[in-house]
Amino acid sequence: MNSPPETPPAADQQAARAVVSDADLLTRHIAGDPHAFSEIVKRHRDRMWAVALRTLGDPDEAADAVQDAFVSAYRKAESFRGEAAVTTWLHRIVVNACLDRMRRKSARPVADDELIEAAERDTPVPDQTSEREVSMEVSSALKLLPADQRAALVLVDMMGYSVEDAAHVLQVPSGTVKSRCARGRAKLVPILSHLRNRSDLSRVSSAKGAELRDG
Amino acid sequence: MTGDTHYDLEVLAELAEGLLDAATALQVREHLAICDPCGESLADLAAVREVLSATPTPAMPMGVALRIDRALAAEAENFRGGGVGLVEAPAWDDIMRDAPWEKAEPAALPEPEPVTRLGVVGDDGTVVPVTPARRRRAAARRRWALPAAAAGVAAAVIGATVTMTGMLSASGPSKNPVIALPSQAKSPKYQLTTSNWNYTDQELRGSMLDYIGPMAATGTTETSKIEQCVRRLTAQVGRAPFAVDQGFYNGQEANVMLFWHNQPKNQVLVHVVGPECDEVRRPAFARWK
């Protein structure tokens, strides 16, 4: 078979799968469809990764947490009652997996070496400040916050979810989410204020933020 | 208030979130109207939000995505296997990594019957024909039949695996992630074809056999670059590809490499790399047939 066919039979099937809702996929998974859950994973893994990475601030920990969360979701899919969106349910499982990890490690004092290092380092020319550096500084700064404030800020400010959505994920009242965000932001001001002075940051970044939120 | 002159950042942050009662909010607003430092602080708070939302959220690294896929596959295996009675799914793929039947080279498999190897080029350059997939179910079972029979209980499987690995594989029971290749062959065995087909993303999610089906393989001369790349991906994926096709991806020169993810289940992992071995597409799963 040297010349591939124009349309492989799988294409239609894939296209059909793409329009299936998360809830339907979950139903199919419960019914025994071996591919349904991996489709859910494929759709949401980047978001789940972002949440876990920002909440935990450590890629290894985040990988463990997301894996635990997906396996856990796989097992307890039947407990999903459809009272919330599948994404909310998944976020909840991921955030809880992260919070569990943080609690287990809570004895560990804040690892702020990176932060001190970042503060002492000569401030680079603004234009050359890479996104990566900003990202690392933000990660370090977030680690200084209590777990609940961090989780709220990750969902609302970083991931761009509404306070209501975050409240559903965290299973607390909206007012609590707002208050955690407010306290968290207040603590971050002295740590992150130097980033604000870097030219172009806010302008360039707003667009990016919006993009993420829309995604 | 700090001293009697300024408000705390926290109070200002609460104001911004509308958390203050009406009277306090009014008081703070009046102060803000005349106090520049507090106005600055409020701007700083807004800037923090800005910085946070501007921080890029990276996509999940491939390694993590693959790890999760493996964990879920193991979960499915355990779930469907039934009868094993394990509460926690063992990390089969980790436990079995060094097992001889997990390796790219099928020759050492102590299989009771010939294995279905789809369109793989044999030692002598001939292509093993595609075998109908009617025995998939049995194949899925067979995967664990050997250790299960040997050990009886799941807990003993690890020990049994190590023993068997020691006997059958040159690599021994080491946890070293280096891929154990058959000693007689220096390079991983895979089918190398040049279809020059321009793949689209959608095609790469479907049945790959339609494109890369068994055909005369390209010689292995002047392909050292591909070979290097294959080695790199082999190390990355943890196993060797079984088929590599030289073609195009969205109009760009690209090599499509297929790795078995779950052969009995017909699942392949597709990596698409450019001429310099750069990944030009997020690795994804497809079907073989």
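**Exercise 1. Place B:Gly247 in chain B and decide whether it is buried or exposed.**

Step 1. Find its element. B:Gly247 sits in strand β2 of chain B, residues 243-249. Helices (H or I, at least four residues) and strands (E, at least two) are DSSP runs, numbered from the N terminus.

Step 2. Check the cover. Buried means under 20% relative accessible area, exposed over 50%, and partly exposed in between, with a 1.4 Å probe and protein chains only. B:Gly247 has 4% relative accessibility, so it counts as buried.

Step 3. List its contacts, meaning heavy atoms within 4.5 Å. Leaving aside neighbours within four places in sequence, B:Gly247 touches B:Asn196, B:Trp197, B:Gln252, B:Glu253 and B:Ala254. B:Trp197 is 50 residues away in sequence, yet the C-alpha atoms of the two residues are 5.0 Å apart.

A note on the model: it is predicted, local features need pLDDT of at least 70, side-chain atom pairs count only at pLDDT 80 or more, and totals for chains, interfaces and linings use all residues. Residues are numbered from 1 along each chain as its sequence is written, chains are lettered from A and ligands numbered from 1 in the order in which they are written, and side-chain values use heavy atoms, with hydrogens and water left out.

**Exercise 2. Describe the sheet of chain B.**

Step 1. Order the strands. Five strands make an open sheet, β1-β2-β3-β4-β5 of chain B, with mixed pairing. Two strands pair if DSSP finds at least two bridges between them.

Step 2. Find the edges. They are β1 (191-199) and β5 of chain B, each pairing on one side only.

Step 3. Take the twist. On average, neighbouring strands of this sheet are turned by 25 degrees against each other, direction ignored.

Step 4. Look at one pair. Strand β3 (residues 252-262) of chain B and β4(B) run antiparallel, joined by seven bridges. B:Leu258 has B:Val270 in β4(B) as its bridge partner.

Step 5. Add the helix. α9(B) lies across β1, β2, β3, β4 and β5 of chain B, at about 40 degrees to β3(B). Axes are lines fitted to C-alpha atoms, for helices over the stretch in contact, and angles run from 0 to 180 degrees between N-to-C directions.

**Exercise 3. Which cysteines form a disulfide, and what is its handedness?**

Step 1. Search for pairs. A disulfide here is a pair of cysteine sulfur atoms within 2.5 Å. The whole structure has one disulfide over all chains.

Step 2. Name the pair. B:Cys229 and B:Cys277 form a disulfide, with sulfur atoms 2.1 Å apart. B:Cys229 is in helix α9 (residues 224-237) of chain B, and B:Cys277 is in the loop between β4 (267-273) and β5 (279-287) of chain B. The two are 48 residues apart, so the pair links distant parts of the chain.

Step 3. Read the torsion. About the S-S bond of B:Cys229 and B:Cys277 it is about 85 degrees, so the disulfide is right-handed.

Step 4. Check the cover. Both B:Cys229 and B:Cys277 are buried.

**Exercise 4. Which residues of helix α9 in chain A are buried, and how are they arranged?**

Step 1. List them. In this helix (residues 163-170), A:Val163, A:Ala166, A:Ala167, A:Val169 and A:Leu170 are buried.

Step 2. Look down the axis. The buried residues of α9(A) fall within an arc of 160 degrees, so they line one face of the helix. The arc is that of the directions from the helix axis to the C-beta atoms.

Step 3. Go past the end. Just after α9(A), A:Gln171 takes a positive phi of about 55 degrees.
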